[in-house]
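Welcome to a short guided tour. Please open your viewer, switch to a cartoon view, and keep the selection box at hand.

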Amino acid sequence: MKERTIHMSEQSNIQTSSRRTFAIISHPDAGKTTLTEKLLLLGGSIRSAGTVKAKKSGKYATSDWMEIEKQRGISVTSSVMQFSYRDHHINIVDTPGHQDFSEDTYRTLTAVDSAVMVIDGTKGIEAQTLKLFKVCRMRGIPILTFINKLDREGKDPLELLEEIEEVLEIESYPVTWPIGMGKRFQGTYDRFEKQIEVYRGNEESLFVNFDGEHVTDEVAEHINEGMLPSLMDELTLLNEAGNEFSMEKVKNGTLTPVFFGSAIANFGVQSFFNAFLQLTSPPQPRKSSIGEIDVNNPEFSGFVFKIQANMNPAHRDRIAFVRVCSGKFERGMTVTLSRTGKKIKLGQSQQFLASERETVDEAYPGDIIGLYDAGTYQIGDTIVGGNNTFKFEALPTFPPELFMKVRAKNAMKHKHFDKGMNQLVQEGAVQLYRTPFFGDYILGAVGELQFQVFEYRMKAEYGVDLEMIMMRHDIAKWVTGGELKDSMLDSRVMKVEDREGNPVLLFENDFVYRMFQDKYPDIKLSSVLEL
Ligand code: GDP
C-alpha cells in the first residue's frame, strides 16, 4: 500500500479545525477562576495557568515588576492558557476583571472565536457581565452560558432565563436543566442527551437515561421522587413555550445555549465542555482590506490585539500579543508589517505569558503568540507572511469612563514626560486627549487601576512624577458630524482632541449628554471610532 503524504497545508487545516479559542466573561466572583481551573484539569498537558496560579496559590508570575500588582494581589496582565482535550486544541484567553478591568479586557474579545458567560445563579446578570456581553454581541460570536453555584440556594431558573432574555436581549435555550438547588440539589437533566447527571457531592457524577416522561426504576433510585413531577412540568413548559434550538442562531450569537452546574463541586463542567466543543466553531475567516482571509490560506497572517510592556524589569522589552488568523507561524520566519511595509524576522516568540515563558516554534490559526517588541508594533497591526500584504479589519476603540488631567510635577522634565506619555499611550491601556488651546493632557481609562499603573510606570521608567487630577466627566463621544460651536460648550461639556486630532466631547454624566443631544440633534456623536 502506498503511503499517503500529508501536505503541509492539509496538516495546517487539521490543526485549525481542532482549535477552539475562547474567553470566559463574567462579573467578579461569579466563578470564572474556579471554572477555568476545572477546565484545565480536563486537559492533558496544561501549559501554564498564569492568572489562575497567581491568584489561587499566591505563586506570582514574572510580572513582579509592578508593585501595584503585589499590593493588590491581582494580576494586571492577562494570559493565555492552552490545553488539549479530546483531540481538540484549546486556547482560553483570560479577560482581566476586578479592579484591573480595562480597555484590554474588551479588546481581548476581538481575538476569540466564542465566549463562555458565567453567571452566579444566586445573583443573575451583573454589571461587568453585561459590558463584556455587549462586545461579544457586537462581534456576532457564539456565547454559551454557564449558570454557576447550583449547590447554593439561588434564583429560580426560569427567572434567570427571563433575565438573560430581557437584560441581554438574546434568546436562550437551556441544554441542561437543574433538579433542585442548594441543599436539595439532585443534578441536571440534559435535553440533548436525554439523561440525568446525578449530583453526588464529592463523588463523580453518575449518568442515568430519562426520556423526560417515563420514570424508570433507575431514575427513581437516584432522584428524590418528590422532585420529579416539577422537573417533568418544567421540561414540558420548556418544550412547549421555550425557544426552538437553532445551530445557526448559536453560531451568529443570537441564541445562547444555557447550562447549569457548580464549578466548585466540578459538577456539570465536563458535560458542559463536551457540548461546548460541539456547539462552537473552529477559527473562522476574518475580514480584511482585500476581502475575507480564509483560515486555510497557506500564507501566515495575524493581528496585534494587545501590547504589554516591561514584563522583565531588566529589559525595556514589550510583548505584542498576536492572534494567528491564517497559515502557519514558524519561529524565525520573516513577515511584513502592513502598516509600514517593513519586513521583520520573528526570532523571539512565546506562546503564553505567565510564570514560565515557553518559546514557541510553530502556531496555527486560533493560537495566540507573544512577540518581543522593541517599539515596532501598534495595537491593531496586521502582520503577513506572504508577498500579498493587507490589513485586517480595524479593532474598535472602547470609550473610557474615567478622566484625569495630567502634568509633570517638575516642568523641567517635560521631554521625558512627552516621551513617556506617547509611548505608554501607544500600548492602548489609556486614551490620551489634549485640550485645544493649551494642549493640556487628559487621560481616559476604562478602569481606575489603569491610572495607577500609568503613574507608577511614568515614575519607574521615565523618572517623571505626575500630578493627576480626577475630572468630573465620565462620558466621551467622538464628534462625527455637524458643526460644533463654542457656544454649545460649558464646564459640563468639554471639547478635547484625541491623539489623531479628532474632536471629542467629554460630558459630565449621562443626563448632560442626553440634554446636549436633545438640544443639538445635528451634532452626530459616537462612542466607537474605528482605529
Ligand atoms: P471569579 O472572580 O469569577 O474568578 O470567581 P472565583 O472562581 O474566584 O470564585 C469566587 C468565589 O465563589 C470563591 O470563593 C469560590 O470558591 C466561589 N465559587 C466558585 N464556584 C462556586 C460554586 O459552584 N459554588 C459555590 N458555592 N461557590 C463557588
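Before we start, one term: two strands are said to pair if DSSP finds at least two bridges between them. Keep in mind, too, that this is a predicted model.

**Stop 1: a first pair of strands**

Select residues 187-190, which are strand β8, and residues 195-200, which are strand β9. These two strands pair in the antiparallel sense, with four bridges between them. Now show the side chains of Y189 and I196: Y189 stands opposite I196, which belongs to β9.

**Stop 2: the hairpin**

Keep β9 on screen and add β10, residues 203-209. What joins β9 to β10? Five bridges do, and the two strands run antiparallel. I196 has a bridge partner here as well: in β10 that partner is V208. Together β9 and β10 make a hairpin with two residues between them. Click on G201 in the turn, where phi is positive, at about 60 degrees.

**Stop 3: the whole sheet**

Add β7, and you have an open sheet of four strands in the order β7-β8-β9-β10, with antiparallel pairing. Which strands are at the edges? They are β7 (176-179) and β10 (203-209), each of which pairs on one side only. Turn the view to look along the sheet: on average, neighbouring strands are turned by 25 degrees against each other, direction ignored. While the side chains are shown, remember a general rule: in a regular strand, they alternate between the two faces of the sheet.

**Stop 4: the helix on the sheet**

Next, select residues 228-241, helix α9. This sheet is what α9 packs on, touching β7 and β8, and the direction of α9 makes about 155 degrees with that of β7. The helix has 14 residues and reaches 20 Å from its first C-alpha to its last, close to the 20 Å expected at 1.5 Å a residue. Is α9 largely buried or largely in the open? Of its 14 residues, the number buried is one, so α9 lies largely in the open.

**Stop 5: two residues with distant partners**

Go to E163 in helix α7, residues 157-168. E163 is partly exposed, because 15 other C-beta atoms lie within 10 Å, and a residue needs 20 or more to be buried. Leaving out residues up to four places away in sequence, E163 touches G124 and I125. Draw a line from E163 to I125: they are 38 residues apart in sequence, yet 7.2 Å apart in space, C-alpha to C-alpha.

Then move to D294, in the loop between α11 (269-279) and β12 (301-309). D294 is also partly exposed, with 15 other C-beta atoms within 10 Å. Beyond its neighbours within four places in sequence, D294 is in contact with P285 and S326.

**Stop 6: around the ligand**

Now select the ligand. Which of the 15 residues around it come nearest? They are G31, K32, T33, T34 and I264. Helix α2, residues 32-42, gives the largest share of this shell, three residues. Colour the shell by class and you will find four nonpolar, six polar and five charged residues.

**Last stop: zoom out**

Show the full chain, with its 14 helices and 28 strands. Of the 531 residues, 44% count as buried. Among contacts between residues at least 6 apart in sequence, 70% join residues at least 24 apart.

Methods. Residues numbered from 1 in each chain as written. Predicted model: local features only at pLDDT ≥ 70, side-chain atom pairs only at ≥ 80, totals over all residues. Near = placed C-beta within 6 Å. Nonpolar A, V, L, I, M, F, W, Y, C, P; charged D, E, K, R; others polar. Buried ≥ 20, exposed ≤ 12 C-beta atoms within 10 Å, placed from the backbone. Contact = placed C-beta atoms within 7 Å. Expected span 1.5 Å × (residues − 1). Axes fitted to C-alpha atoms, helices over the stretch in contact; angles between N-to-C directions.
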